[in-house]
Amino acid sequence: MANNPNNVDVAVIGAGPAGLTAAYLLSKKGYSVTVIEKDEKYVGGISRTVEFEGYRFDIGGHRFFSKSQEVVDLWNEILPDDFIQRPRMSRIYYEGKFYSYPLRAFEALWNLGIWRSTLCMASYLRWKLFPKKDVKSFEDWVVNQFGYKLYSIFFKTYTEKVWGMPCDEMSADWAAQRIKGLSLWSAVTDGLKRSLGLNKKPNDGMATKTLLETFRYPRLGPGMMWDAARDFVRDKGNTVMMGHALKQLAQDSDGNWRMSTDAQDGGTVITAKHVISSAPMRELSARIHPLPTSSFEAKKLNYRDFLTVALMVKSEDLFPDNWIYIHDDRVQVGRVQNFRSWSPEMVPDADMACVGLEYFCFENDGLWSSSDEELIAQATREMEILGLCDPKDVVGGAVVRQEKAYPVYDDEYEANVEAMRADLEERFPTLHMVGRNGMHRYNNQDHAMMTAMLTVENIDAGSRKFNIWNVNEDAEYHEAGDEGAEKLLENQQAVPATSVEAEGQLTEGQKIALQSERDVPKRVGEKQKINRAA
């Protein structure tokens, strides 16, 4: 029996990984739920799979890998029969040459040349011996870690292309979260051992995440996962409203939420006891009535937009990589994906290849505003410049735009996010922010899901016993697996053991996020410092 979609226990904003994970688990527990999603056709957010004439495109590329057993179990539960194991291969394109990633020592030496390689090692040693003490920016962090020479070759051009801002204006946190655990020394020694046949042990996922050799992937793309989650929610009598965007959110005198939506049919109004939001923090703040005191800080949060140009090319396969990072200022493309290497079933014709050229932009800039025809022509030209295909073999194309794909991590974002978080948590205990944009954090799909999983536990318990902001707070937890999780636990304030903990009934993810009631959420100026040392 269907629930009344306009009067529910929980309203969820956004049908991406975080929003649908929350709706799925709440539906399992018997709660009435309504999800609103502004896209008229696709669920999954940036993890959706777009279909065009039988070709399927993954928006951004999503490996299904997690150190969290709870997340892996949930993936298997939602999509039990459709995962395939895929080899991971990616390379860096620099000055007309390809560099394997993970790094192969002899290949890199040959491609860079003896003189440049010597300069790279000298630069690396110089910054290891005399690192910059006051690490503030992405540039500071990476130079300390790899030396200025390697930073200028393999990090600066690509990173500035992705984020649209100078590396010395980006927060060091992004580097600490995304790169930490991968050092030049470990990459070179690993590559050297493999080149000499001395390291034949496969990477089983317990080493640095950026060195994984295989990954799991839904055979028809990640959209399969979120289509299945949506269908489960509906089968439980709950509602997923497509083409509905958040218009306004207000609380009545009894503490219930009144959420209005915009849609082609005029929208609707949903009353709920709790609201879970995966909407961008800036948008959420602007739609709460009356405006929260933190709306001024929220307005300063910025986002990087993204578009994919998919090209259909007459070829069995153009290259074996899942993706190639493009470090070349002759072209605007940042990364090229090969969808057949993600899954052969993404491409319907064995005689055709399908690649996705990824462009990072700001909404309404020159790239974003270009017509689909102009973008397909540009992508075709750039594939020729890179030597990846002959333009005459391109037989078709499609363009997918994704607004607010990546929260921007400038030097002010931490304080702005903390101001909004502190304000909303104090005033609205039944409003929950989850996911990448909902928390303005560079969470991967599995971390976004974990924030939703723990939020559901909080709603079910009637308290904020789990601090979801601890998920992925420590850089080592993000990249280093179980050992990192243990370190994160050590870094938290001592928490008195509850009876549940004493009985060993908490999962690892719950232990990470568990906070005592007297562990007051950190306010501006009291943020836990992350380790930014090289």
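A residue counts as buried when its relative accessible area is under 20%, as exposed when that area is over 50%, and as partly exposed in between. By this rule, 57% of the 534 residues of the protein chain are buried in this predicted model.

**The chain as a whole**

The protein chain contains 22 helices and 19 strands. Its accessible surface amounts to about 22900 Å², and carbon and sulfur atoms account for 50% of that area. When contacts between residues at least 6 apart in sequence are considered, 72% of them join residues at least 24 apart.

**Two helices**

Helix α16 covers residues 413-427, and helix α18 covers residues 445-461. The table sets out the values for both.

| Helix | Residues in helix | Distance between end C-alpha atoms | Expected span | Buried residues |
|---|---|---|---|---|
| α16 | 15 residues | 21 Å | 21 Å | eleven residues |
| α18 | 17 residues | 25 Å | 24 Å | 14 residues |

The expected span is 1.5 Å times one less than the number of residues in the helix. For α16 the distance between the end C-alpha atoms agrees with the expected value, because its 15 residues should span 21 Å at 1.5 Å a residue. For α18 the two values are close.

Both helices are mostly covered. In α16 the buried residues include Val 417, Met 420 and Leu 424, and also charged-type names such as Glu 418, Arg 421 and Asp 423. An α-helix has 3.6 residues a turn, so residues three or four places apart point the same way. Just after α18, Gly 462 adopts a positive phi of about 75°.

**The nonpolar cores**

Which residues touch the most other members of the largest nonpolar core? Within this core of 122 residues, they are Phe 57, Trp 163, Leu 249 and Leu 284. Helix α18 supplies the largest share of the core, namely eight residues. A second, separate core has 25 residues, among them Tyr 93, Leu 307, Leu 311 and Ile 324.

Leu 249 shows how a core residue is surrounded. Apart from its neighbours within four places in sequence, Leu 249 is in contact with Trp 257, Arg 258, Met 259, Val 275, Leu 284, Arg 287, Ile 288, His 289 and Leu 431.

**Two buried strand residues**

Arg 86 belongs to strand β5, residues 83-87. Is this arginine buried or exposed? Arg 86 has a relative accessible area of 17%, which means that it is buried. Beyond its neighbours within four places in sequence, its contacts include Glu 213, Thr 214, Phe 215 and Tyr 217, as well as Arg 340, Ser 341 and Trp 342. Arg 86 and Arg 219 are separated by 133 residues in sequence, while their C-alpha atoms are 9.7 Å apart in space.

Ser 100 lies in strand β7, residues 97-101. Ser 100 is also classed as buried, because its relative accessibility is 11%. With neighbours within four places in sequence left aside, Ser 100 is in contact with Ser 90, Arg 91 and Glu 107.

**A nonpolar patch at the surface**

Nonpolar residues also occur at the surface: Leu 125, Leu 129 and Phe 130 make a nonpolar patch of about 360 Å². Leu 125 is situated in helix α4, residues 114-129. Its relative accessibility is 47%, so Leu 125 counts as partly exposed.

Terms used. Residues numbered from 1 in each chain as written. Predicted model: local features only at pLDDT ≥ 70, side-chain atom pairs only at ≥ 80, totals over all residues. Heavy atoms only, no water. Helix = DSSP H or I, 4+ residues; strand = E, 2+ residues; numbered from the N terminus. Buried < 20%, exposed > 50% of the residue type's maximum accessible area, 1.4 Å probe, protein only. Core = buried A, V, L, I, M, F, W, Y, C linked by side-chain atoms within 4.5 Å. Contact = heavy atoms within 4.5 Å. Patch = residues over 30% accessible without salt bridge, like charges linked within 9 Å, V, L, I, M, F, W, Y side chains within 5 Å. Areas by Shrake-Rupley, 256 points an atom, 1.4 Å probe, with all protein chains shown as cover. Salt bridge = Lys/Arg side-chain N within 4 Å of Asp/Glu carboxyl O.
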